[in-house]
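Please find below a colleague's note on the model, arranged as numbered points. The sequence and structure come ahead of the comments.

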Amino acid sequence: MKLLPLFMILMGVLLFAACEKDCLDPANPECANYDPCLAYEPANASFKMLIIPISTYDWDCDGGEPRDLEFEVDTVFATGGDIYFRADQSELEASNVSYEWRVGADPQVWTTRQFNLGFLENAVGDVPVTLIVEKINPDLCGGTAYTRDTVTKILHVREPLDNTYTDGSWSAVFGKWEGYNTDDESRTFQIEFKPGWRLEGLFEGCIVKSPDLSIGLKQFYIAALGKPDCNRVCGVGALSPDRRELSMDYSYDSANGERVSRTFKGVKVE
């Protein structure tokens with residue numbers, strides 16, 4: 001009677017060994033034919049150019065976790081604050097990756113994953129920004145000890161603003177947008193951003209004005225928690241790259257006091 005459990009144990013060991021022997025997945029580190037080059041990701045020099053408005057540090061107007069609001073840009077105003085340059089490439093072991101940034105004709109070279117820089121009036125024009133990333137290739141995948149990638153983007157630096165409130169021509173946000181909330185596409189309505197930094201049409205009788213509304217070249221944000229006539233609305237919006245479409249995530253107090261979150265999608269009509 002004691003031989004049966006021993007026999008079963010031996011069979012289990014043999015079956016397990018057979019399964020191990022049949023492991024032929026080169027992407028599985030547990031298999032004998034594992035190929036580490038399948039998991040290796042080569043250097044990636046893609047990057048983002050961002051603005052982080054001071055008034056949106058630790059933003060939690062929408063009830064979410066406090067965070068700094070970031071907006072990706074390709075055009076900025078001289079003397080309008082710092083631009084943040086951030087590489088998409090990241091690595092748990094920082095020593096495995098090197099960064100080399102060059103901005104316009106500036107002789108300085110930046111070597112961190114992210115840095116920020118302001119632009120004065122003498123920088124007005126098209127400024128090339130180049131990132132070179134090198135990443136160690138420990139298993140010599142492809143026969144090289146490291147991989148290298150280079151990306152260049154153009155940052156358009158414009159003259160400083162002198163008509164921020166009186167004229168809406170400087171920002172593509174201004175104008176009328178017709179669209180819908182994504183949870184009810186059958187109901188369309190218009191919102192309008194007017195010079196003087198005013199937003200109308202989001203709710204009946206509601207006008208959001210500065211400082212509760214802030215507008216940039218292709219983005220905007222609303223923080224009207226102190227305006228019960230606008231349902232204490234908060235929101236963040238941005239335009240599509242071609243500036244023809246607008247998307248805004250916003251939240252507000254419903255009639256029963258519950259917080260409602262919605263997304264508005266619109267196209268420019270005027």
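**Notes on strands, charges and backbone**

1. In the sheet that holds β1 and β2, L50 has E72 of β2 as its bridge partner. The two strands, β1 and β2, run antiparallel and are joined by 2 bridges. Strands here are DSSP runs of E with at least two residues, numbered from the N terminus, and two strands are said to pair if DSSP finds at least two bridges between them.

2. Some remarks on provenance belong here. The model is predicted, with local features requiring pLDDT of at least 70 and side-chain atom pairs counted only at pLDDT 80 or more, whereas totals for chains, interfaces and linings use all residues. Residues are numbered from 1 along each chain as its sequence is written, and side-chain values use heavy atoms, with hydrogens and water left out.

3. The sheet as a whole is open and antiparallel, with 4 strands in the order β2-β1-β4-β6. Because β2 and β6 (114–117) each have a single partner strand, they stand at the edges, and one side of each lacks a neighbour in the sheet. In general, strands of a sheet pair through backbone hydrogen bonds, in a parallel or an antiparallel sense.

4. Strand β9 deserves a separate point. Over 7 bridges, β9 (residues 175–181) pairs in the antiparallel sense with β10 (residues 184–194), and a hairpin of 2 residues joins β9 to β10. At this junction, N181 has D184 in β10 as its bridge partner. Strand β9 also pairs with β17 (residues 259–268), again antiparallel, over 5 bridges; there, W177 stands opposite K268 of β17.

5. How many salt bridges does a search of the whole structure find? The search gives 12, where a salt bridge is a side-chain nitrogen of Lys or Arg within 4 Å of a carboxyl oxygen of Asp or Glu. One of them joins the side chains of D88 and K48, at 2.9 Å from N to O. Since D88 belongs to the loop between β4 (83–87) and β5 (97–103) and K48 to strand β1, this pair ties together parts that are 40 residues apart in sequence. Both residues are partly exposed: D88 has a relative accessibility of 31%, and K48 has a relative accessible area of 29%. The cut-offs are under 20% relative accessible area for buried and over 50% for exposed, with partly exposed in between (1.4 Å probe, protein chains only).

6. A further salt bridge concerns the β9–β10 loop. D183 pairs with R262, and their closest N and O atoms are 3.0 Å apart. The two residues link distant parts of the chain, with D183 in the loop between β9 and β10, R262 in strand β17, and their positions 79 residues apart. D183 is exposed, at a relative accessible area of 52%.

7. K227 and D229 also meet through their side chains in a salt bridge, at 3.5 Å from N to O. Is each partner buried, partly exposed or exposed? K227 counts as buried at 18% relative accessibility, whereas D229 counts as partly exposed at 43%. Elsewhere, K194, R198 and E200 are linked in a network of salt bridges.

8. On the surface, D58, D60, E65 and D68 gather in a patch of negative charge. Patch members have over 30% relative accessible area and no salt bridge; like charges are joined within 9 Å, and nonpolar side chains (Val, Leu, Ile, Met, Phe, Trp, Tyr) within 5 Å. Asp and Glu count as negative and Lys and Arg as positive, without His or the chain ends. E65 lies in the loop between β1 (47–51) and β2 (71–72) and counts as exposed at 68% relative accessibility.

9. Three backbone details merit inspection. D58, also in the loop between β1 and β2, has a positive phi near 55° although it is a residue other than glycine; D58 is exposed, with a relative accessible area of 53%. T79, in the loop between β3 (75–77) and β4, likewise is not a glycine and has a positive phi of about 65°; T79 counts as partly exposed at 48% relative accessibility. Finally, S210 and P211 are joined by a cis peptide bond with omega about 10°, and P211 is placed in the loop between β12 (207–209) and β13 (213–215). For context, most residues other than glycine have a negative phi, and most peptide bonds are trans.

Conventions. Areas by Shrake-Rupley, 256 points an atom, 1.4 Å probe, with all protein chains shown as cover. Charge placed at Lys NZ, Arg CZ, Asp CG, Glu CD.
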